[in-house]
Every structure is written in structure tokens, then in C-alpha cells.
Amino acid sequence: MLTGDKVRIRAIERRDLENAVRWINDPEVTRYLTMAGPISSVAEEKWIEAAARGDSPNDRHFTMETLDGEYLGQIGLHGIDWRHRHATAGIVIGAKEHWGNGYGTDAMRTLLRHAFDTLNLHKVVLTAYSDNRRAIRSYEKCGYKVVGVMKEHRFTGGRYHDEVMMEVLADEFRRLVPDRPA
Ligand SMILES: CC(C)(COP(=O)(O)OP(=O)(O)OC[C@H]1O[C@@H](n2cnc3c(N)ncnc32)[C@H](O)[C@@H]1OP(=O)(O)O)[C@@H](O)C(=O)NCCC(=O)NCCS
């Protein structure tokens, strides 16, 4: 269990299926994600089972919830490179009524603390649609910096979109985000 100021990050469990199915086919939630639905509950169940079992040693998928235990969504580290010590982060608050309340920023900071202080990663990267201003702002508050733009990299809604590449080094994160007391 990873605890932040506003959120808790825990292992994915089978019981998360019902909440996940509620948002995976909601275009407002998935608009900025790479997945292209519709996704069946059978496919989602399979994904959750694999994530919960930890089938891939280089991926860490988690569930985010409020400190009261209310489901928020999913967060994780993907493609962990144990030699070069970097990974790609991903986050989605499926419970969209909770957008803009600081949960995403706190969850990402909590994930980064885990990445740097427990997994001993050196750098975490991610990408975002360049018009996903809320996500980019939230990532900047975690120490991520834009390091490049991939022009017309994603195709959604009948047109191409630019994608920004962001990254944060362990030292930069530690300078920006203070330690939580143990
Ligand atoms: C992206 C996401 C994880 C962010 O989490 P969140 O809890 O909504 O964000 P937070 O409240 O922590 O922070 C948002 C920040 O962006 C700012 N913001 C919101 N809309 C904005 C906009 N249009 N332009 C600029 N800044 C904006 C907020 O004011 C806040 O900054 P502040 O605290 O300095 O005021 C969440 O909104 C989400 O899951 N969205 C849908 C899926 C998605 O886009 N995932 C990311 C894919 S890369």
C-alpha cells in the first residue's frame, strides 16, 4: 500500500472490474488514452486478472483510491528497464467527478516516490496529447519537464494530434517534492 496526502495506491484486485467497466468505454475518460474501444467486460477482466497476477515483471499496475477507500482509477509503471533504470508512467482517474481535485497530482507523486525510493529507478517518462492541459499541468507539478513534441503522433477523432514527451529524474523529483514523514 502506498499512501499519499489524498490518495492510496494499492494492488489491482478482481473487485476493481465493476468500477473499471464503468469508465473504459466512456469517451470523455478515454479521449486522451491510447486504448481504442469498445472494450468488453470479458477483455477487461482478462487484463485485470493478468495485472493482478503480475504476469509481466516489467509492469506495475495499481488501483488508486481516496483515503476513504473510494475507487478513483488506475496508475502504473510500464516497460520498466531494470538495467537503464527508467520506466513509463500512466494514469487515469476513471471516476471523472473527481477530476481537478488534486488526486491525480498526489497519486503521481506517490507513484514517483515508489519508483525512485523503492524500485531505485533513475528516471520516469510519459507522453500526453499536447492539448491535454490538465494532465500536463499536473505532471509539471510532479517535476516532469517537456523534452520534446512528436508531431501528429496519435490519430483520434478523425485527425492527428501532437504528443508531448515528458520526463523527471529522481534528483529533480526529490528537490521539488519533499519527503513524506515515515
Ligand atoms: C490527467 C489526470 C490524471 C489529472 O488528475 P487530476 O486529479 O484531474 O488533476 P489535479 O487536480 O491533480 O491537477 C490538475 C491541474 O491542472 C490544472 N488545469 C485543469 N485544467 C486545465 C487547463 N485546461 N489548462 C491548464 N491547466 C489546467 C488545474 O488547475 C490543476 O493545477 P493547479 O493545482 O495548479 O490549479 C485526470 O484528470 C485524468 O485521469 N484525466 C482523464 C485521463 C487522462 O487524461 N489521463 C492522462 C493521460 S496522459
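The legends below walk through several views of a predicted model.

**View 1. The whole chain, with its six helices and eight strands.**
A good place to start is the order of the elements: along the sequence they follow the pattern β-β-α-α-α-β-β-β-α-β-α-β-β-α. The C-alpha trace spans about 40 × 40 × 35 Å along its principal axes. For 182 residues, a compact globule would have a radius of gyration near 16 Å, and the chain agrees with this because its own value is 16 Å. Of the 182 residues, 30% count as buried. Among contacts with a separation of 6 or more, 60% are between residues 24 or more positions apart.

**View 2. Helix α4, residues 103-117.**
This view follows one helix from end to end. The end C-alpha atoms of α4 are 21 Å apart, in agreement with the 21 Å that its 15 residues should span at 1.5 Å a residue. Is α4 largely enclosed by the rest of the structure, or largely open? A residue is buried if 20 or more other C-beta atoms lie within 10 Å of its own. By that rule 12 of the 15 residues of α4 are buried, so the helix is largely enclosed. The buried residues include Tyr-103, Asp-106, Arg-109, Thr-110 and Phe-116.

**View 3. The largest nonpolar core and its 36 residues.**
Which members touch the most others? They are Ala-89, Ala-107, Met-108, Leu-111, Leu-112 and Ala-115. Helix α4 provides the largest share of this core, with seven residues. For a closer look, pick out Met-108: leaving aside its neighbours within four places in sequence, Met-108 is in contact with Ala-89, Ile-91, Ser-138, Tyr-139 and Cys-142.

**View 4. The ligand and the 20 residues that surround it.**
The closest residues are Gly-104, Thr-105, Arg-133, Ala-135 and Arg-137. Of these, Gly-104 and Thr-105 are also listed among the buried residues of α4. Which elements each supply at least two residues of the shell around the ligand? They are β5 (86-93), α4 and α5 (133-140). Helix α5 gives the most, with five residues. Sorted by class, the shell has 10 nonpolar, seven polar and three charged residues.

**View 5. Helix α3, residues 41-53, and Glu-45.**
From first C-alpha to last, the 13 residues of α3 reach 18 Å, close to the 18 Å expected at 1.5 Å a residue. Just after the helix comes Gly-54, whose phi is positive, near 70°. Within α3 you can find Glu-45. Glu-45 has 14 C-beta neighbours inside 10 Å, so it counts as partly exposed. To place Glu-45 relative to the core, look for Leu-112: the two are 67 residues apart in sequence and 27 Å apart in space, C-alpha to C-alpha.

**View 6. Ala-11 in strand β2, residues 7-11.**
Where along the chain are the partners of Ala-11? Leaving aside neighbours within four places in sequence, Ala-11 is in contact with Ala-52 and Phe-62. Thr-63 also belongs in this view: 52 residues separate Ala-11 from Thr-63 in sequence, yet their C-alpha atoms are 6.0 Å apart in space. Ala-11 counts as partly exposed because it has 13 C-beta neighbours inside 10 Å.

Terms used
Residues numbered from 1 in each chain as written. Predicted model: local features only at pLDDT ≥ 70, side-chain atom pairs only at ≥ 80, totals over all residues. Helix = DSSP H or I, 4+ residues; strand = E, 2+ residues; numbered from the N terminus. Expected span 1.5 Å × (residues − 1). Near = placed C-beta within 6 Å. Nonpolar A, V, L, I, M, F, W, Y, C, P; charged D, E, K, R; others polar. Core = buried A, V, L, I, M, F, W, Y, C linked by C-beta atoms within 7 Å. Contact = placed C-beta atoms within 7 Å. Rg over C-alpha atoms; globule rule 2.2 N^0.38 Å.
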